[in-house]
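Here are a few exercises to work through at your own pace. Try each task before you read its solution.

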Amino acid sequence: MRTRRIVTSMAAAMALAPWCTQVQAQSTSVQFYGLIGSYVGTTKVSGAPSSTTVVNGGGLTTSFFGFRGEENLGGGTSAFFTLESFFQPDSGMYGRTPADPLFSRNAFVGLKGRYGKISIGRHMTPTYISMQAVNPFGGSVQFSPLVVQSFIPAFNNAVLGDSVWNNTVQYSTPSFGGLVGTLDYAPGETAGRSGVANTGVHLRYDAGPLTAVASGQRVRLLSTATVPVLTEQKAWLAGFAYDFRVVKVYAAAVGTETYGTPTSTRTWSLGATMPLGRGYRLIAAYAHTDRDTPKLASTDRRTGTLCLDYSLSKRTDLFLAAMNDKRSGAGSGTSTALGMRHTF
């Protein structure tokens with residue numbers, strides 16, 4: 001009797017084996033990952049009356065965690081998703097500010113295959129992603145001169161809108177010898193105002209030591225729901241990075257034209273990273289923005305950062321950074337940081 005039960009069980013298992021294999025092949029693999037960073041230092045932008053001593057999250061990279069998954073659907077097609085949340089390790093709060101949603105960095109689902117990939121949801125904009133590739137401080141919202149002059153209000157940001165767009169459809173082409181194109185469309189979701197939409201067209205080339213980007217976007221914003229005054233801005237970005245091994249150089253240019261309240265800006269940025277040996281590297285960057293508003297005097301802003309970075313391992317580094325900021329008609333300001341990052 002016992003032998004018969006064993007044989008019957010083995011037969012049932014063999015009958016179910018193909019089904020179990022199929023389920024395993026179609027299961028979604030999910031990865032948990034992120035980065036946490038904090039620093040102690042001082043902050044003072046140009047024109048501020050005095051500096052502030054701070055313990056802040058981020059520094060060289062804004063802290064975040066995320067989940068991503070992918071399912072092989074067969075025929076070279078896969079379904080995928082990404083959920084990523086910014087957080088503040090100095091206070092334990094999620095988001096960059098209290099205005100951020102839970103999954104503030106990315107939240108989208110999509111399909112990819114031989115014809116590229118398409119996704120729907122909340123996306124970090126390719127303009128911001130491209131900007132990270134052509135300046136040595138990446139996406140740092142505290143110490144990258146190019147990023148702070150482009151996106152941070154305390155530095156009179158040249159680019160309107162957030163670095164993350166809601167309600168966006170995004171399509172990226174396959175790679176053609178290292179060249180990838182991306183299209184974005186966010187309809188704005190305003191009743192009776194179909195023209196309130198964000199759009200973007202982007203190109204990125206990665207091959208060997210060279211990275212080159214070209215990006216254009218149009219942002220349309222309503223001032224309030226009750227008084228819907230439309231502000232429109234067109235912005236472009238072009239830049240490159242080239243790794244000579246002994247030094248990696250970066251150069252970028254950004255331009256904006258804002259309508260409604262007419263303003264134009266022109267920004268250029270230069271930077272470099274240099275390995276010093278034994279885990280040390282030197283990072284330097286400078287950005288200059290000229291701003292022209294009709295009937296008002298033209299203004300300019302100069303921001304430069306110098307940083308010494310030391311790798312304790314492939315996942316953990318320490319950094320010491322100092323940034324000087326000066327806008328026309330105001331005194332200069334200096335910010336400093338001693339911090340640490342860890343990826344997981």
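**Exercise 1: the second largest pocket**

Task: sort the lining of the second largest pocket by residue class.

Solution. Start with the classes: Ala, Val, Leu, Ile, Met, Phe, Trp, Tyr, Cys and Pro count as nonpolar, Asp, Glu, Lys and Arg as charged, and the others, Gly among them, as polar. The lining then splits into seven nonpolar, six polar and three charged residues. A pocket here is an open set of points on a 1 Å grid over the protein atoms alone, where a 1.4 Å probe fits, with protein on both sides within 12 Å along at least five of seven lines; lining residues have an atom within 4 Å of a point. Next, locate the centre: of the 16 lining residues, Asn166, Gly188, Asn198, Arg220 and Leu221 lie nearest to it. Finally, β8 (164–172) and β11 (210–222) each give two or more residues to this lining, and β8 gives the most, with four. Strands are DSSP runs (E, at least two residues), numbered from the N terminus.

**Exercise 2: how far to trust the model**

Task: find the mean pLDDT of the chain.

Solution. This is a predicted model, in which local features need pLDDT of at least 70 and side-chain atom pairs count only at pLDDT 80 or more, while totals for chains, interfaces and linings use all residues. Residues are numbered from 1 along each chain as its sequence is written, and side-chain values use heavy atoms, without hydrogens and water. The mean pLDDT (the predictor's confidence in each residue, from 0 to 100) is 91, and 90% of residues reach 70 or more. Over residues 1–25, however, the pLDDT is below 50.

Note on methods. Contact means heavy atoms within 4.5 Å.
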